[in-house]
Structures are given as structure tokens and as C-alpha cells.
Amino acid sequence: MDHLVKIGPEADREHLVEDLIKLNALVSGFFESVPGTFIVLDSRWHLIYARGEIEGIFTDNKISLRGKHLDEIIQKDYAHFLSSRAIEPLITTKEKTAVRYSNKLHKWFMISACESYPGIFIRLEDITKDQMMKRLLILNEFSVSRTVDMVFWIM
């Protein structure tokens with residue numbers, strides 16, 4: 001008998017385990033495909049998952065942080081844009097994104113956050129280059145519009 005048919009709780013358990021493994025692979029693949037830094041918290045703000053450039057953001061490595069509250073593990077230099085107090089308005093209002101500057105890293109971040117079953121999803125994207133380009137364009141426009149002399153662009 002090559003194919004035994006299992007009936008009862010043991011068969012249900014095996015199917016659940018199989019389904020869980022498939023779901024885990026699917027979810028992991030999705031999280032890995034999201035660009036930037038990605039953080040998943042449970043509904044009580046405890047860390048479930050973190051991926052991306054998180055060195056320096058958290059107080060320790062990501063494995064030992066799993067299950068701890070976000071406010072306990074976030075470095076104080078990042079609390080102004082990554083603490084539960086900073087993220088909660090993104091979740092509760094229409095605006096789900098905010099642009100914040102990190103003095104420690106000297107970088108601009110686009111922070112997106114949403115709450116969905118089973119928890120809270122936070123994404124940080126480094127937009128420093130975009131912000132610097134915008135600032136240079138504003139400076140350029142200001143200087144060109146204020147000049148009294150003729151300006152020639154050479155490329």
C-alpha cells in the first residue's frame with residue numbers, strides 16, 4: 001500500500017502544516033520583493049519581521065528583537081519618525097505616508113504605514129537623492145529667476 005489515506009485530526013494537522021508552509025513561502029517572497037526597509041508588527045506593536053537596511057535603527061540584531069515592542073527596540077535617534085507615537089498618525093489618518101529626515105544618517109525617508117489583519121506594516125524608502133534633486137531644482141530656479149544678467153546653459 002503506497003498511498004495510505006489518513007482520516008481524522010492527524011490528517012487535518014498535516015494539511016494545515018502544508019498550507020502554512022506554502023503561505024509562509026508566499027509571504028516571505030512578497031516581503032523580499034518589496035523595495036526599501038520593511039517592518040511588520042503585530043497589533044500590539046511587537047516586532048514580527050524586519051528586512052532591509054535596519055542596522056542602526058534597532059538596538060540589536062533583528063533575531064533577538066522579534067517579539068519585543070517597537071518603542072523598546074528603536075534607537076532614540078529614530079524615535080521621532082519610527083516610534084509607535086510617530087507611526088500611529090499614519091495609520092489613523094487618510095495620509096498613509098510621510099517624508100522625514102534623519103539627522104543621524106543625513107538621509108530623507110518616505111515612511112508608509114498601514115494597519116491590517118494581523119498587524120502593522122511599515123515601509124521606509126530612502127529618497128535622499130530625490131529630495132536633493134528637488135532642492136537643487138528649487139535653488140536653480142530661484143537663482144535663474146533673480147539674475148539680471150543673461151544666463152547660458154552649456155551641456
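These are my notebook entries on a predicted model, covering its sheet, the helices packed on that sheet, its salt bridges, one aromatic pair and two loop residues.

**Entry 1: the sheet**

I began with the strand order and found an open sheet of 5 strands, arranged S2-S1-S5-S4-S3 with antiparallel pairing. I then looked for the edges, which are S2 and strand S3 (97-102), since each of these pairs on one side only. Taking the average over neighbouring strands and ignoring direction, I noted a turn of 20° of one strand against the next.

**Entry 2: S3, S4 and S5**

I followed the pairing from the S3 edge inwards and noted that S3 and S4 run antiparallel and are joined by 6 bridges. In this pairing Val-99 stands opposite Met-110 in S4. The two strands form a hairpin with 4 residues between them, and in that turn I marked His-106, which has a positive phi of about 55°.

On the next pairing, strand S4 (residues 107-116) meets strand S5 (residues 119-126) in the antiparallel sense over 8 bridges. I recorded two facing positions here: Ser-112 stands opposite Arg-123 in S5, and Met-110 stands opposite Glu-125 in S5. Met-110 therefore appears twice in my notes, facing Val-99 in the S3 pairing and Glu-125 in the S5 pairing. S4 and S5 also form a hairpin, with 2 residues between them.

**Entry 3: helices on the sheet**

Which strands does helix H5 touch where it packs on the sheet? I found that helix H5 (residues 84-92) touches S3, S4 and S5, and that its direction makes about 60° with that of S4. Helix H6 (residues 128-146) also packs on the sheet and touches S3, S4 and S5, but its direction makes about 125° with that of S4.

**Entry 4: salt bridges**

I searched for salt bridges and the count came to 3. One of them is between Asp-126 and Lys-107, with the closest N and O atoms 3.5 Å apart. This pair links distant parts of the chain, as Asp-126 belongs to strand S5 and Lys-107 to strand S4, 19 residues apart. I checked the accessibility of both partners and found Asp-126 partly exposed at 40% and Lys-107 partly exposed at 25%.

Another salt bridge joins the side chains of Glu-125 and Arg-123, at 3.2 Å from N to O. Glu-125 is partly exposed, with a relative accessible area of 31%; I had already noted this residue as the one facing Met-110, and Arg-123 as the one facing Ser-112.

In the salt bridge between Arg-44 and Asp-42 the N to O distance is 3.7 Å. Are the two partners buried or exposed? Arg-44 counts as exposed at 54% relative accessibility, whereas Asp-42 is buried, with a relative accessible area of 17%.

**Entry 5: Trp-45**

I stopped at Trp-45 because most residues other than glycine have a negative phi. Trp-45 has a positive phi of about 70° although it is not a glycine. I placed this residue in the loop between strand S1 (37-42) and strand S2 (47-51). Despite its loop position, Trp-45 is buried, with a relative accessible area of 13%.

**Entry 6: an aromatic pair**

A search of the whole structure gave me 3 aromatic pairs. I looked at one of them, Tyr-101 with Trp-108, whose ring centres are 5.0 Å apart and whose planes stand at 55°, so I entered the pair as tilted. Why is this pair not called edge-to-face? That label needs planes over 60 degrees apart, and the angle here is 55°. The two residues differ in accessibility, as Tyr-101 is partly exposed at 29% and Trp-108 counts as buried at 16%.

**Entry 7: Ser-83**

Last, I looked up Ser-83, which has its place in the loop between helix H4 (79-82) and H5. Ser-83 is buried, with a relative accessible area of 12%. What lies 2.9 Å from a polar atom of its side chain? I found the backbone oxygen of Ala-79 at that distance. Setting aside its neighbours within four places in sequence, I listed Leu-70, Asp-71 and Tyr-78 as the residues in contact with Ser-83.

Conventions: Residues are numbered from 1 along each chain as its sequence is written. This is a predicted model: local features need pLDDT of at least 70, side-chain atom pairs count only at pLDDT 80 or more; totals for chains, interfaces and linings use all residues. Side-chain values use heavy atoms; hydrogens and water are left out. Rings of Phe, Tyr and Trp (its six-membered ring) pair if their centres lie within 6.5 Å; planes under 30 degrees apart count as stacked, over 60 as edge-to-face and the rest as tilted. Buried means under 20% relative accessible area, exposed over 50%, partly exposed in between (1.4 Å probe, protein chains only). Two strands pair if DSSP finds at least two bridges between them. Axes are lines fitted to C-alpha atoms, for helices over the stretch in contact, and angles run from 0 to 180 degrees between N-to-C directions. Contact means heavy atoms within 4.5 Å. A polar contact is a pair of N or O atoms within 3.5 Å; within protein, one must be able to donate a hydrogen and the other to accept it, and residues adjacent in sequence count only if both atoms are side-chain atoms. A salt bridge is a side-chain nitrogen of Lys or Arg within 4 Å of a carboxyl oxygen of Asp or Glu.
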